[in-house]
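Student: Could you take me closely through one part of this model, the place where strands pair side by side, and then carry on outwards to the way the helices pack? I would like a single connected account, with the residues named.

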Amino acid sequence: MNETEDCLLKVKNDYLKFLSKEKIFKKSKSTKIKILKKTYIPISFWIENKYKEKGETLFLGLSGGQGSGKTTVSKILKIILRKFFKRRIYISSIDDFYKTLKERNLMSNKIHPLFKTRGVPGTHDTNLIKKFFSFTRNKNFRKFKIPKFDKSADDRLPKKYWQTIKNKPEIVIFEGWCIGAKAQPNSLIRKPANQLEKNEDEKQVWRKYSNERLKKEYKKIFKMIDHYIFMKIPNFKMVFEWRLLQEMKLLRKSHLKKKIMTYNEIKRFIMFYERITLQMLKDLSKSASVIMFLKKNHEIKKVLFKY
């Protein structure tokens, strides 16, 4: 039995249980197993090899358009890396590092009203992200807490609900829509990307400030990532459709029936992400170590290993 078959045998039950629990992939069992074998197991072997090459905590950036399935992919990779490779793996989302609602309200008053809406660079607490990387890499590791963000409340949870990292991870997957994004030249910033920018950021204050954050704080953070895995969406239109699906899932999961976004709210919301998402489609297609090409129906068309 080769290593792939051995891995398949050991992880398939946990993988199928996860898909069933999360109500993911409405496909036959044989199709689900085929996806596991052709997509997720090869990526996991690639990650294991990169970890062995480095010999210490490996930091992976997993990025892709909103609703592309980053969280699902991360969790499946975690199942394989823990079960078969026996690795200590930790998944962290950049979403958990959003600034508090109070902080964003302050930004909206001092800098630009659009900063009240979470999402773009500038709305994350970069100091907390740096601490996360620093504490995780520390050879004299001590347990520490990282924040947790409640999207339905649009605010950071109190410290008592934060996650505790008790053991030093061997592999960290840092996932998020803008992980690895690069700043644009001013010539591109001047031209509005959509109606939101045209009507609500006429003087380019919002997008220029966000772009400056990418040039400085975010660039430093992204340099600490060893390799990038990029989930390449077919086009930006799919972001709307997939985000709509995400909101419906959030509604089903919310026992308290917390507020979720309406159709028109989602339409406006994704405009905040459009500029950077489109730029990332160009940049990460060249710089990412692994590219997962997605179809319109969310299926993975193919996986390209570049480095």
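**From a strand pair to the helices**

Tutor: Strand S8, residues 227–232, and strand S9, residues 290–294, pair in the parallel sense, and 4 bridges hold this pairing in the model, which is a predicted one. Within that pairing, Met 231 stands opposite Met 292 of S9. If you follow Met 292 to the neighbouring strand, you come to S10, where its bridge partner is Val 303. Here the sense is antiparallel, and S9 and S10 are joined by 5 bridges. Met 292 therefore has a partner in each direction, with Met 231 opposite Met 292 and Val 303 as its bridge partner in S10. S9 and S10 also form a hairpin, with 5 residues between the strands, and in this hairpin His 298 takes a positive phi near 80°.

Stepping back, these strands belong to an open sheet of 6 strands, ordered S2-S7-S1-S8-S9-S10, in which the pairing is mixed. The edges are taken by strand S2 (89–93) and strand S10 (300–305), and because each of them has a single partner strand, one side of each is left without a neighbour in the sheet. On average, and with direction ignored, neighbouring strands of the sheet are turned by 15° against each other.

Turning to the helices, begin with H5 (residues 126–137) and H8 (residues 205–223), whose axes come within 10 Å and cross at roughly 15°. That angle makes H5 roughly parallel to H8, and the crossing is left-handed. On the H5 side the contact involves Thr 126, Ile 129, Lys 130 and Phe 133, which meet Glu 217, Tyr 218 and Ile 221 in H8. Sorted by class, this contact of H5 with H8 has 4 nonpolar, 1 polar and 2 charged residues.

Helix H1 can be followed through two packings. With H2 (residues 29–54), H1 packs at an angle of about 120°, the axes being 9 Å apart, and the two helices are therefore oblique to each other. Their crossing is right-handed. Residues of H1 that take part include Cys 7, Leu 8, Val 11, Tyr 15 and Leu 19, while those of H2 include Ile 33, Leu 36, Tyr 40, Ile 41 and Phe 45. The residues of this contact of H1 with H2 divide into 12 nonpolar, 1 polar and 6 charged.

With H3 (residues 70–83), the axis of H1 (residues 3–22) comes within 9 Å and crosses at roughly 145°, again in a right-handed sense. H1 brings Cys 7, Lys 10, Val 11, Asp 14, Tyr 15, Phe 18 and Leu 19 to the contact, and H3 brings Thr 72, Lys 75, Ile 76, Ile 79, Ile 80 and Lys 83. By class, the residues of the contact of H1 with H3 are 8 nonpolar, 1 polar and 4 charged. Cys 7, Val 11, Tyr 15 and Leu 19 are among the H1 residues in contact with H3, and these four are also among the H1 residues that meet H2.

A last detail concerns aromatic rings, for which a search of the whole structure finds 24 pairs. Phe 269 and Phe 272 form a tilted pair, with 6.4 Å from centre to centre and 45° between the planes. Because these two residues are 3 apart in helix H10 (residues 263–287), Phe 269 and Phe 272 are separated by about one helical turn.

Terms used. Residues are numbered from 1 along each chain as its sequence is written. This is a predicted model: local features need pLDDT of at least 70, side-chain atom pairs count only at pLDDT 80 or more; totals for chains, interfaces and linings use all residues. Side-chain values use heavy atoms; hydrogens and water are left out. Axes are lines fitted to C-alpha atoms, for helices over the stretch in contact, and angles run from 0 to 180 degrees between N-to-C directions. Angles under 35 degrees count as roughly parallel, over 145 as roughly antiparallel, 65 to 115 as roughly perpendicular and the rest as oblique. A crossing is left-handed if the near helix is turned anticlockwise from the far one by less than a right angle, and right-handed if clockwise. Contact means heavy atoms within 4.5 Å. Ala, Val, Leu, Ile, Met, Phe, Trp, Tyr, Cys and Pro count as nonpolar, Asp, Glu, Lys and Arg as charged, and the others, Gly among them, as polar. Two strands pair if DSSP finds at least two bridges between them. Rings of Phe, Tyr and Trp (its six-membered ring) pair if their centres lie within 6.5 Å; planes under 30 degrees apart count as stacked, over 60 as edge-to-face and the rest as tilted.
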